[in-house]
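Biologist: I would like to go through some labels on this model and ask what stands behind each one.

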Amino acid sequence: MRARVEIDLGALRANVRALRARTDGAAYMAVVKADAYGHGMVRCAEAALGAGASWVGVATPYEALELRAAGITPERARVMCWLWTPGGPWREGIEAGLDMSVSAPWALAEVTEAARATGRAAKIQLKADTGLGRNGCQPADWADLVDRARAAEREGLVTVTGLWSHFACADEPGHPAIAAQLARFDEMSARAYAGGLRPEVRHMANSPAVLTLPEARFDLVRPGIAMYGLSPAPELGTPADHGLRPVMTLAAPLALVKHVPGGHGVSYGHHYLTPGPTTLGLVPLGYGDGVPRHASGAGPVLVDGKWRTVAGRVAMDQFVVDLGGETPPEGTEAVLFGPGDRGEPGAEDWARAAGTIAYEIVTRIGGRVPRVYVDGGEPAADAAGPRD
């Protein structure tokens, strides 16, 4: 392989078990949006269900329908999706038994119209904007949405299965927005109950809230990045501090090792000049594969037991490391990030180098890089992923 992403499903299952141990009995939703943060949506959903998750969460209805088509049936798991646009596949969602988020009257109108067409009640969850200012219904409009939803319930067109919201600052312990959002969610929930709704679940807890806010766990938790063994924020500690193990390893064999003289320019723009005679190693990965160009001159790589740094700019398909005169043979593995067992960098190291967050580092690794699945370090059944 030119390069590979190794996904340890055994580590993912262990992470789910570790997170479930913190939930005080709340149900567990495995968030697998964006192809499971780059890890492979279907394989990771299956592994999470095997470790005790009972819900699966995704952003778009198309992701949810893909999960159903892959065999995650209503009998096996509830599947929720929350990012809808006008004209979305509401009818297909009803037929697939999805839990579908509603944040505004337009969405409620579309889902009830689809329910009339199918002759089946839609399962919906009302999302409250408690302060994130993104998706969700504003407090000033909440009573109207609740009353409309209750009227649709009485008609047999919908069943309101949940009330939910999302934190803005749960990754910043002590931030005043946390308490304010929790109080607002309680107020908006009380209005929903007063309006006659009887949802199965209330939920707010994302990864940082699961780790640090027991008062936010309610009936259901929604871990995302933590399930993949990464900390939601360095301020909250390392993955090991939370009993988590990174699931993804990104590596490639050196495609070329060569001697160059001092003062030799490397990559576009010659932003790196060799300080003296040295050797250069060519890593066949680039921003076309998701390696961030912003990490040019800074991204760390483990080669032959030593940390090296991207020399010059990351190109579309490749980048260079200065090997300091050493000459490992072509084919020697260059590890960009992984769990750290061999002393390799982590996704957080690349995040710092690129001025971003670890979420983006793992999610952006593209489809040109095959996913290879292992289970506790051993090849998993059907080890090659669908991108192979």
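Modeller: Arg 368 and Asp 317 form a salt bridge, with their closest N and O atoms 2.9 Å apart. This is a predicted model, in which local features need pLDDT of at least 70 and side-chain atom pairs count only at pLDDT 80 or more, while totals for chains, interfaces and linings use all residues. Residues are numbered from 1 along each chain as its sequence is written, and side-chain values use heavy atoms, with hydrogens and water left out.

Biologist: Why is the contact of Arg 368 with Asp 317 called a salt bridge?

Modeller: A salt bridge needs a side-chain nitrogen of Lys or Arg within 4 Å of a carboxyl oxygen of Asp or Glu. The N and O atoms of Arg 368 and Asp 317 are 2.9 Å apart, so the pair meets the rule.

Biologist: What makes Asp 289 and Arg 368 a salt bridge?

Modeller: Their N to O distance is 2.8 Å, and the limit is 4 Å, so this pair counts too. Arg 2, Asp 289, Asp 317 and Arg 368 are linked in a network of salt bridges. By this rule the count comes to 23 salt bridges.

Biologist: Why is Asp 289 called buried, and why is Arg 368 called partly exposed?

Modeller: Buried means under 20% relative accessible area, exposed means over 50%, and partly exposed lies in between (1.4 Å probe, protein chains only). Asp 289 has 1%, so Asp 289 is buried. Arg 368 has 43%, so Arg 368 is partly exposed. Asp 317, at 32%, is therefore partly exposed as well.

Biologist: How do you know that Cys 44 is in no disulfide?

Modeller: The structure holds zero disulfides. For Cys 44, the nearest cysteine sulfur is that of Cys 81, 19 Å away. A disulfide is a pair of cysteine sulfur atoms within 2.5 Å, so Cys 44 does not qualify. Cys 44 is also buried, because its relative accessibility is 0%.

Biologist: What makes the lining of the largest cavity eight nonpolar and one polar?

Modeller: Ala, Val, Leu, Ile, Met, Phe, Trp, Tyr, Cys and Pro count as nonpolar, Asp, Glu, Lys and Arg as charged, and the others, Gly among them, as polar. The lining includes Tyr 228, Leu 230 and Phe 337, which are therefore nonpolar. Gly 338 also lines the cavity, so Gly 338 counts as polar. The lining has no charged residues.

Notes. On a 1 Å grid over the protein atoms alone, a cavity is a set of points where a 1.4 Å probe fits but cannot get out, and a pocket is an open set with protein on both sides within 12 Å along at least five of seven lines; lining residues have an atom within 4 Å of a point.
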